[in-house]
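Q: I've got a fold open in my viewer and I'd like to learn how to read a strand and then a single residue. Can you walk me through it?

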Amino acid sequence: MRRKLSLALPLLLFVSLASLSPPANGEDWRAPPLIITSTGVGIPRALHPGAISQISAEEIDALDADHPAQILNLLPGLFVNRGSGQEHLTAIRSPVLTAGAGAGSFLFLEEGIPLRAAGFANVNALMEAMPEMSGGAEVARGPASALYGSNALHGLVNILSRAPAPDGDFLLDSRTGPHDLIHFALSASRSLGERRGGDAFRLSLAYGHDGGYRESSGFDHWKARLRHDSRWGRAKLRILISAVRLNQQTAAYIVGEGAYKDRALRRSNPSPDAYRQARAFRAQARLRVPFSEGGLWDITPYLRQTSMRFLMHFLPGTPTERNGHFSLGLRTRLRQQIRGGHEIALGSETEWTRGGLSEIQSAPAPFPSLPPGVHYDYQVRSLTQGLFLQSAWRLSPEWRLNAGLRLDYLLYLYDNRIAAGDLGRFRRPADRRDDFLTVSPKLSLLRLFGAQTVFLRYARGQRAPQTTDLYRLQTQQEPGALKSETLDSLEAGWRIHQARWRMEAVLFYMRKRHFHFRDADGFTVADGKTSHWGLEWEARARLARRLSLRLAGTYARHRYRFDRTVRRESEIIRDGNEMDSAPRLLANAELLYDAPRFRAALEWAHVGSYYTDAANAHSYPGHDLLHLRLAYKSRRWRIFLNILNLADTRYATRADYAFGNARYFPGEGRSFHGGVKLRF
């Protein structure tokens, strides 16, 4: 009965929007901004041929989130599992994926530039982002446009920076919560005006401290971003510099069926010595130069450096991993508008990266196959070259045809720095070279019906294996066995934008080949197959002058399409089994009252039941959460109180089944967060 109600409620609310009539003056209500991610320069959402969602800077400010999952899970097709501290695992139109599959299947960007190099992605990528004081975020679901290459497989997240204010401003955010949680953020901008070349600056800083609601957990998180906008005649330059540092004590899974319901266990930490230390630095300079009527040349050189050290508490023997990489890249794009409303864009991306990884176990061997010592120690140099062509053709005032093609070449030069061969179950390949060539076509057809848009889209997404997939091998695995993953996607969408309400619904079907992931025996599957289909919806409506409703949800089925036998019965894969960590139903709704002095928002978040093992023998029942956000505000300040998990529900942010046990990251009970925001 609960499952039927959970499915029916969002659908009933969604359908009820059709009864709303537009106001007499016909003015649009909160017209959506341009979509930036698909073209790089902005396109009206009505003309975007694919599933994409936005969350504005104002909406992010109103959430007062302590973790990116609290922001992204408001959108359809997303299921970001929060781990301990700032850790997380991601699903975008997919199950929650882990290890190399989790790192490589999604592309995380800052103003269009990846946070990590293609073969060196991080499954906890958003800990290196800065959504605080951001200019909003855009999320594309399914294979991205031809502008983006490897890792833009199931979807991408683009975090936008906040632009300097024309007259300058100063923003201050100060808040606190339970277990010594504090957060400070400030952002200041200044514009020097036309006499100084139109220079404008914005500096944003953030610091967060959390003592942890579980034993021996918590973090300190520092973030900084500098943006400089300038203009020389018709040319525009934007420089963006970001730095992030994280020191975290990590809480591990609690073990035992339903352990997340136990008051004592949910606050315990079986690995009190676990930690994570991460550093990231990025810089990009984007120059835009008009060169003819309707022509634009865009060039962006960039660099990044990352380093991380953490205790692998989730593995027997708890080894310590060190990883990092340094990249230099150059992205160029040429865009030309053609008479008749057509447009062609072409470009290239070149990136050179040097990275490395080591894994060392100091603890005694828990099993003979897991001996202490250096398990892996290697460096990899990589070269990525991408070429793309993207075009938009106006067939008539109502019809649009979009076509794109992307070619990516990725070269790895692997250097093993220890003796090649086997140590226990660990296989260290000898020095080798691996390269991958992928070709990804895109094609869509869009039809306008006044305030409505209907589109059909086919897209292929491909990603080369991560370096950890290729060189962090187990015995019985041979180097060079992995191919590039290939995902073919077909989707149909319907979008309406009326004066008092708007909505989007997308039906999708996807097939993936050469899916590689770690099975229950610890070996990498080289040639898995999966299928994915579902319906995504989102809608916003103005119910009254100050009352509005927001809805988002997904109903999807993700299945294995191959057989694989392993030693553990709970992880035997059969063709047709549902993939683990893949809820069929995800739903989110918010009822908002927004007056000049007072703001109140009630959010309902539903996570449906899902299997926690590949054999579909164990499951998590799902949960429903309520959050209440209250604020009293003026033009220059805002005082707020957020009551999270209002009903004090016992739930797990993540559940899985491994090593013969149910494991959970327990969610926090009812908590009160409050603070003050100032604007000058």
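A: Sure, we'll take one strand and then one residue. Keep in mind that this is a predicted model.

Q: Where do side chains point in a regular strand?
A: In a regular strand they alternate between the two faces of the sheet. Now the case here: F106, F108 and E110 of β4 lie on one side, with L107 and L109 on the other.

Q: Are those two faces of β4 covered or open?
A: Both are covered, with the residues on each side buried. For the strand, residues 106-110, that makes 5 of 5 buried.

Q: Which strands does β4 pair with, and in what sense?
A: With β7 (residues 155-161) β4 runs parallel, joined by 5 bridges. There, F106 sits opposite G155. With β5 (residues 113-114) the pairing is antiparallel, over 2 bridges, and E110 has I113 as its bridge partner.

Q: What links β4 and β5?
A: They make a hairpin with 2 residues between them, and E111 in that turn has a positive phi of about 50°.

Q: Now the single residue: is Q248 buried or exposed?
A: Buried means under 20% relative accessible area. Q248 has 4%, so it counts as buried. Its place is in strand β12, residues 235-249.

Q: What does the side chain of Q248 reach?
A: One target is the backbone nitrogen of Q86, at 2.9 Å. The side chain of Q248 also makes a polar contact of 3.3 Å with the side chain of E87. Further along the chain, Q248 touches several residues, including G218, F219 and Y275.

Terms used. Residues are numbered from 1 along each chain as its sequence is written. This is a predicted model: local features need pLDDT of at least 70, side-chain atom pairs count only at pLDDT 80 or more; totals for chains, interfaces and linings use all residues. Side-chain values use heavy atoms; hydrogens and water are left out. Buried means under 20% relative accessible area, exposed over 50%, partly exposed in between (1.4 Å probe, protein chains only). Helices (H or I, at least four residues) and strands (E, at least two) are DSSP runs, numbered from the N terminus. Two strands pair if DSSP finds at least two bridges between them. Contact means heavy atoms within 4.5 Å. A polar contact is a pair of N or O atoms within 3.5 Å; within protein, one must be able to donate a hydrogen and the other to accept it, and residues adjacent in sequence count only if both atoms are side-chain atoms. Lists of a residue's contacts leave out its neighbours within four places in sequence.
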